[in-house]
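Work through the exercises below with the sequence and the 3D view open. Try each task before reading its solution.

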Amino acid sequence: MEHVETIVVGAGVAGLTTARLLVEAGRDVVVLEARDRVGGRVSTDRRFSLTTDMGASWIHGVDGSPVAAAAAAFGMPMVEFTVGGYQPDSRPIAYYGPDGARLTDAAAQAFAADIHVVDATLRDVVAGSGPQASYRDVTETALAAQGWDEDRIQRVREYLEHRSEEQYGAWIEDLAAHGLDDDSIDGDEVVFPDGYDRLPRRLAEGLDVRLTHIVSEVQWAEGGVTVTTDHGIFHGADAVITVPVGVLHSEDLVIAPPLPEPVAGALSRLRMNAFEKVFLRFPSKFWDDDVYAIRQQGPESRWWHSWYDLTALHGTPTLLTFAAGPAAIETRDWSEDEIVDSILVQLRRLYGDAVPRPTHVHVTDWQDDPWSQGSYAYMAVGSTTADHDTLASPIGGVLHLAGEATWTEDPATVAAAMFSGHRAAQNVLGSQIPIDHAWLI
Ligand SMILES: Cc1cc2nc3c(=O)[nH]c(=O)nc-3n(C[C@H](O)[C@H](O)[C@H](O)COP(=O)(O)OP(=O)(O)OC[C@H]3O[C@@H](n4cnc5c(N)ncnc54)[C@H](O)[C@@H]3O)c2cc1C
């Protein structure tokens, strides 16, 4: 058995942030990671000489973001791309109506204005909603309050369904009414042309990270924590577990004794989502210049409705779309060709039969990834926003949970992973430590 002061389970951004801060504070730390790489859900594919972020792509608002500060300190190039957050009009978007024809600028502006009107009503409806209300319930109340005709309401209803799916990978009836409360963007959004994985790789430098160490059991007691892996047993005075909610829900990693209340209850109300990315590289560009995204409305938009133009990143004509919620679940076992065919049907409706087949395709499969079991956590009906922070309540003075799902203010992000890792380090130390020590050392 190996003895260390603190064991960190998981070398994603949360675990690496915790470990760096603890090492900076003078502690002896080991990080145990099941994969053969660091970064977890920050993962960059470099096949075919193409840089493709299979997990996180964006910083959803650089103002006050520790990710932006760390990326700047690490010299990571960033490109502005402010269309995350499923915003209707933050940057130019080419909207197509249910008939497949492009909306005029005036019609697109009127549609975006409708969304803003409903959102203003929605804020109050969500604030007054009960714990068992779904996002569908509150959006229907907000739509009904407008007194519009059915067509006009249906366009915004579709938009709200897509927002639930694209933001949280969840069908609108499964997401809690408060499930999008965190949905605000401070400052520009950016992406990383050289790959997001440079962030975790830099965070990991100098740390004792043991790759391909699969943790199967974490036993905690007053005297410390014993962690069993397929490469031996580790004992620490304390441990920080940063594995995703999907792994915590599974039987692959046993915590003994089981997580106590209030942590167990909070965990039971969060769910891992279904959210996959599809990158399509084309031989030539067939869509308009100067738009950040393409969106279509109407019944044909049920699955494939939004395409993001990533051409500016590398000069290769590239569209990114998402299979999110029901589309991700239903296409889970589809071949890459089947997915491409299905997407091309929609693109050809909008741009004609001349739309070529893509030369390169990347499709993610986070649902079948044993070390995440989905892309990120969402609030199921019945959960409260506080459930996120509750997950991080210290357990028995020796065990701590961290990771994106444990941060109420902005869960499901890399920033949340960093902030939660910082909080866990402070809880272990019992004292404050500046978060920038994670990248300034
Ligand atoms: C498709 C997709 C798109 C996203 N888009 C964005 C975005 O644009 N912007 C954004 O901010 N965020 C985005 N996110 C979310 C972001 O990637 C995550 O919130 C963040 O990376 C989570 O970091 P973490 O450290 O909490 O968890 P993880 O990165 O999952 O780290 C946990 C680590 O634990 C390891 N592990 C699991 N089980 C075991 C075990 N039994 N033993 C040992 N180790 C184990 C895992 O391998 C992993 O490395 C996206 C995620 C996905 C999947």
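Four exercises follow, on a sheet, two pockets and a ligand.

This is a predicted model, in which local features need pLDDT of at least 70, side-chain atom pairs count only at pLDDT 80 or more, and totals for chains, interfaces and linings use all residues. Residues are numbered from 1 along each chain as its sequence is written, and side-chain values use heavy atoms, with hydrogens and water left out.

**Exercise 1.** Trace the open sheet of six strands and find its edge strands.

*Solution.* Start with the order: 7-16-17-18-15-19, with mixed pairing. Strands are DSSP runs of E, at least two residues long; helices are runs of H or I, at least four long; both are numbered from the N terminus. Two strands pair if DSSP finds at least two bridges between them. Next, look for strands that pair on one side only: strand 7 (93–96) and strand 19 (360–363). From one strand to the next, the twist averages 20°. Now take one pair. Strand 7 and strand 16 (residues 293–296) run parallel, joined over four bridges. Ile93 has Ala293 of strand 16 as its bridge partner.

**Exercise 2.** Describe the largest pocket by volume and lining.

*Solution.* First, the term. On a 1 Å grid over the protein atoms alone, a pocket is an open set of points with protein on both sides within 12 Å along at least five of seven lines; lining residues have an atom within 4 Å of a point. The volume is about 430 Å³. The lining has 19 residues, with Asp119, Arg123, Arg163, Leu180 and Asp183 closest to the centre. Helix 3 (residues 105–127) gives the largest share, five residues. Sort by class: eight nonpolar, six polar and five charged.

**Exercise 3.** Do the same for the second largest pocket.

*Solution.* Its space is about 310 Å³. It is lined by 20 residues; nearest its centre lie His60, Asp63, Asp186, Asp410 and Ala415. Strand 5 (58–59), helix 2 (66–73) and helix 13 (414–429) each give two or more residues to this lining. The largest share, three residues, comes from helix 13.

**Exercise 4.** Which residues come nearest the ligand, and which backbone atoms lie 3.3 Å, 2.9 Å and 3.1 Å from its atoms?

*Solution.* Count residues with a heavy atom within 4 Å. There are 39 around the ligand, and Glu33, Arg35, Arg41, Trp58 and Val414 come nearest. Then check backbone N or O atoms. One of Val13 lies 3.3 Å from a ligand oxygen atom. One of Val215 lies 2.9 Å from a ligand nitrogen atom. One of Thr413 lies 3.1 Å from a ligand oxygen atom.

Methods. Axes are lines fitted to C-alpha atoms, for helices over the stretch in contact, and angles run from 0 to 180 degrees between N-to-C directions. On a 1 Å grid over the protein atoms alone, a cavity is a set of points where a 1.4 Å probe fits but cannot get out, and a pocket is an open set with protein on both sides within 12 Å along at least five of seven lines; lining residues have an atom within 4 Å of a point. Grid points are joined across faces, edges and corners, and a volume is the space filled by probe spheres set on the points. Ala, Val, Leu, Ile, Met, Phe, Trp, Tyr, Cys and Pro count as nonpolar, Asp, Glu, Lys and Arg as charged, and the others, Gly among them, as polar. A polar contact is a pair of N or O atoms within 3.5 Å; within protein, one must be able to donate a hydrogen and the other to accept it, and residues adjacent in sequence count only if both atoms are side-chain atoms.
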